Amino acid sequence: MLKIHAKGNKMRTLNVAIAGSGYSSRLFHVPFLKDDARFAIKKFYERTTERGLQWVPTAEVVCDYSQLLTDDIDAVIITTPNQTHYEMVKKAIVAGKHVLVEKPLVATAKEAFELGELAKQHNVVLYVYQNRRWDSEIATAKQIIEQGLLGELVDCEIRIDRYAKAKNSKLWKELGDKGTGLVYDLAVHLIDQSVYLFGQPKAVFADIRYQHEGALVDDNFDIHLYYENGLKASLLASKYVRETGNHFSLYGRLGSYVKKDVDIQESLLNKGVLTKGDWFMESISGWGILHTELNGELIRQSYPNVSCSYQNLYDNFYESIVNQQPQIVTIEQVITVLNIIEKAFESSVQGKKIAL
């Protein structure tokens, strides 16, 4: 394993290998790495294509995963289908590589715990790509909560709705394998956001459905997390919504913070916007609304988004490796989220609330 040490103010460059060259690699990883001097993309693992060379012509494309785990590589980024994560992460850790892996890390809390313990044994960083903590509404809600602008919180609703008459075009997502489906695709983000904002819930109730004709995986969920202080977080997603409502709503005894539209970063990255400067900033029309009571006076106004982007995850990933800074996304939180997901499926089958 190549040891990384900070020497004075000299910046160290991490040599990176990326497993996979699909949507996630193209959109969420390569744009943040290729022009960042702290990282150097050296290899792509692709079985049948060489798409990586379109993005990084100087990189090497290999068709054997073990070729990513050579001595010259410091960190491996895994963007392959969910079903492959456990074995690929395990091999990378054993090879002494730091790992950044797409969510979900694995399908079960037990597997996540095993990989977390293995990473500790090999003294490497295991980081899960829960980038949606840096969505504008989540970062802004975190600030609002910390400032107590809504008073005691009572309800939160986060929903991601879309209209998709057909099944997912990625076949591996529709085969019914454990760890696939809308809960593992989207609820894993929303549950992580809830855990990030409010901590560990005490119980879960879920209604998980299969709406598409012939569906082998879930494509609709309504998950409720209950907290000790009476707060309930409702997390929802559907593929049959043409007309959407508020994406994020947070209610307290003093007031509300609501944001209609989802964060724009994915949309901008899809358009090829360069991740430079304030590329992620939304216009005032995209800000959320704060409607609350401050110093005895009622206010209702657009509330500025906290300045953050998915780059912040890579900043923390780098610092956790080079300078041993604490991880913002911890393996303990990842295990909590996966445990909630497992209990959510149990709740949906039994039709009752399940203690956590």
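**Close-up 1. Asn-123 sits in the loop between α4 and β6.** The model shown here is predicted. Asn-123 is exposed, because its relative accessible area is 55%, and exposed means over 50%. Its backbone also stands out. Most residues other than glycine have a negative phi. Asn-123 is not a glycine, yet its phi is positive, about 55 degrees.

**Close-up 2. Pro-104 lies in the loop between β5 and α4.** Look at the peptide bond that joins Lys-103 and Pro-104: this bond is cis. Its omega is about -15 degrees. Most peptide bonds are trans. The strand before this loop, β5, covers residues 98-102. The helix after the loop, α4, covers residues 109-121.

**Close-up 3. Helices α3 and α4 pack with their axes 10 Å apart.** The angle between them is about 10 degrees. Angles under 35 degrees count as roughly parallel, so α3 and α4 are roughly parallel to each other. From α3 come Tyr-86, Val-89, Lys-90, Ile-93 and Val-94. They meet Glu-111, Glu-114, Leu-115, Leu-118 and Ala-119 of α4. By class, the residues of this contact are 7 nonpolar and 3 charged, with no polar residue.

**Close-up 4. Gln-83 is in the loop between β4 and α3.** In sequence, β4 takes in residues 75-78 and α3 residues 85-94. Gln-83 is partly exposed, with a relative accessible area of 34%. Gly-179 is 96 residues away from Gln-83 along the chain. In space, the C-alpha atoms of Gln-83 and Gly-179 are separated by 6.8 Å.

**Close-up 5. Helix α5 packs with helix α6.** Residues 136-146 form α5, and residues 182-198 form α6. Their axes are 10 Å apart, at an angle of about 20 degrees. The two helices are therefore roughly parallel to each other. The crossing of α5 past α6 is right-handed. On the α5 side, the contact is made by Ile-138, Ala-141, Lys-142 and Ile-145. On the α6 side, Gln-193, Tyr-196, Leu-197 and Phe-198 take part. By class, the contact has 6 nonpolar residues, 1 polar and 1 charged.

**Close-up 6. Helix α8 is mostly covered.** This helix runs over residues 311-322. Of its 12 residues, 9 are buried. The buried residues are Gln-311, Leu-313, Tyr-314, Asn-316, Phe-317, Tyr-318, Ser-320, Ile-321 and Val-322. They pack against the strands β1, β2, β4, β5 and β6, and against helix α1. In sequence, β1 is 14-19, α1 is 23-33 and β2 is 39-45. The length of α8 fits too. At 1.5 Å a residue, α8 should span 16 Å, and its end C-alpha atoms are 17 Å apart, which agrees.

**Close-up 7. Asn-316 lies in helix α8.** Its relative accessibility is 8%, so Asn-316 counts as buried. What does Asn-316 touch, not counting residues up to four places away in sequence? The partners are Tyr-127, Pro-326, Gln-327, Ile-328 and Val-329.

**Close-up 8. Gln-324 follows α8.** Gln-324 is found in the loop between α8 and α9. Its phi is positive, about 55 degrees, although Gln-324 is not a glycine. At 56% relative accessibility, Gln-324 counts as exposed.

**Close-up 9. Helix α9 covers residues 331-350.** It has 20 residues. From its first C-alpha to its last, α9 reaches 29 Å. That is close to the 28 Å expected at 1.5 Å a residue. Among the residues buried in α9 are Ile-331, Val-334, Thr-336, Val-337 and Leu-338. Ile-340, Ile-341, Ala-344 and Ser-347 are buried as well. The buried residues of α9 pack against two helices, α4 and α6, and against the strands β6, β8, β9 and β15. In sequence, β8 is 203-209, β9 is 220-226 and β15 is 354-355. After α9 comes Gly-351, with a positive phi near 70 degrees.

Methods:
Residues numbered from 1 in each chain as written. Predicted model: local features only at pLDDT ≥ 70, side-chain atom pairs only at ≥ 80, totals over all residues. Heavy atoms only, no water. Axes fitted to C-alpha atoms, helices over the stretch in contact; angles between N-to-C directions. Helix = DSSP H or I, 4+ residues; strand = E, 2+ residues; numbered from the N terminus. Parallel < 35°, antiparallel > 145°, perpendicular 65-115°, else oblique. Left-handed = near helix turned anticlockwise from the far one by under 90°. Contact = heavy atoms within 4.5 Å. Nonpolar A, V, L, I, M, F, W, Y, C, P; charged D, E, K, R; others polar. Buried < 20%, exposed > 50% of the residue type's maximum accessible area, 1.4 Å probe, protein only. Expected span 1.5 Å × (residues − 1).
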